[in-house]
Amino acid sequence: MDKLLEIKDLTVNFGEKCVIDNVNVSIFAGRVTALVGESGSGKTLTALASLNLLPEAALIKKGEVLFRGQDMLKISETEIRKIRGKDISMVFQEPFTALNPVMRVRDQIKEMLVIHKNIKKDELDLRLKELFSIVKLSEDTGFRYPHELSGGMCQRVMIAMALSCNPDILIMDEPTTALDVPVQKEILDLVRQIQEENNFGILFITHDFSVVNLMADDVHVMKEGIIVESGEKQDVLSAPKHEYTRHLIDCIPRLGDERKRFPIQD
Ligand SMILES: Nc1ncnc2c1ncn2[C@@H]1O[C@H](COP(=O)(O)OP(=O)(O)OP(=O)(O)O)[C@@H](O)[C@H]1O
Ligand SMILES: [Mg+2]
């Protein structure tokens, strides 16, 4: 398997509090690595560390993030700016807040292309056309503002932006949590289909094992900053070793079943 990025022994603190504890995660070409855990378990911070975007107060105690032989945590800001958005791009949870409300969505995608690629006008138009077709949006959609689009359409725009420079790695932080279930499934299917055609690696963050089930190849279960269980999806889903993993799997809503909740601790 072609390993694209490796987070090695990463440990991050805020003051005395350890929020990422000796985390090891790798991203592979053509595969989806899912990071699953409940709120506050350290998923987003792990993703941000991959792009060297940790908040200033975060203290990196240990570890490295290896991408093309370089440690993302050590390279210069100039170097990292060339990588972010181009080689590694990220799609966030809330498409509405991530998009600029006063700019037509086509122009927002265009901006990504202009920033990272020295691209001629006719090539630019061609690439925009192509991107709209990849995410299955009509080109007319591009001339609208974010508030004129549904959540699912906004998320397609975000995905087009993230894919605009043909990244090696796509990081998706709860990309469909804000969407209705049928729209979620549409977007997830679309992402997998695009991945099959392009072979990039995905780091996929979610708290929802039903999404893991749809999306993942490899799974890391995270609890309080620690990866408590890792493995291929089939193995983790069919024979979870850790009690916490079993709890998360029990939270998968089943048809005709009342949605089970996390057991409340005393
Ligand atoms: N800037 C910060 N300052 C202090 N603590 C922080 C900061 N950012 C995150 N944390 C803490 O780090 C822990 C992990 O946060 P993180 O955002 O990675 O969780 P998460 O798994 O993404 O949760 P969610 O599912 O709610 O998005 C949490 O306990 C959070 O309170
Ligand atoms: Mg998060």
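**Close-up views of a predicted model**

**View 1. Strand E7 and its neighbours.** Leu170 of strand E7 stands opposite Ile202 in strand E8, and E7 and E8 (residues 201-206) pair in the parallel sense over five bridges; two strands pair if DSSP finds at least two bridges between them, and helices (H or I, at least four residues) and strands (E, at least two) are DSSP runs numbered from the N terminus. This is a predicted model, in which local features need pLDDT of at least 70 and side-chain atom pairs count only at pLDDT 80 or more, while totals for chains, interfaces and linings use all residues. Residues are numbered from 1 along each chain as its sequence is written, and chains are lettered from A and ligands numbered from 1 in the order in which they are written. Strand E6 (residues 88-91) is joined to E7 by four bridges and runs parallel with E7, with Met172 in E7 as the bridge partner of Val91.

**View 2. The burial of strand E7.** Because five of the five residues of E7 (residues 169-173) are buried, the strand is largely enclosed by the rest of the structure; a residue is buried if 20 or more other C-beta atoms, placed from the backbone, lie within 10 Å of its own. Ile169, Ile171 and Asp173 point one way from E7, whereas Leu170 and Met172 point the other way.

**View 3. The open sheet.** Four strands form an open sheet with the order E2-E1-E4-E5 and antiparallel pairing. Strands E2 (17-28) and E5 (70-71) stand at the edges, each with a single partner strand, so one side of each is left without a neighbour in the sheet. Strand E4 (residues 58-67) pairs with E5 over two bridges, and Leu66 stands opposite Asp71 in E5.

Terms used:
A residue is buried if 20 or more other C-beta atoms lie within 10 Å of its own, exposed if 12 or fewer, and partly exposed in between; C-beta atoms are placed from the backbone.
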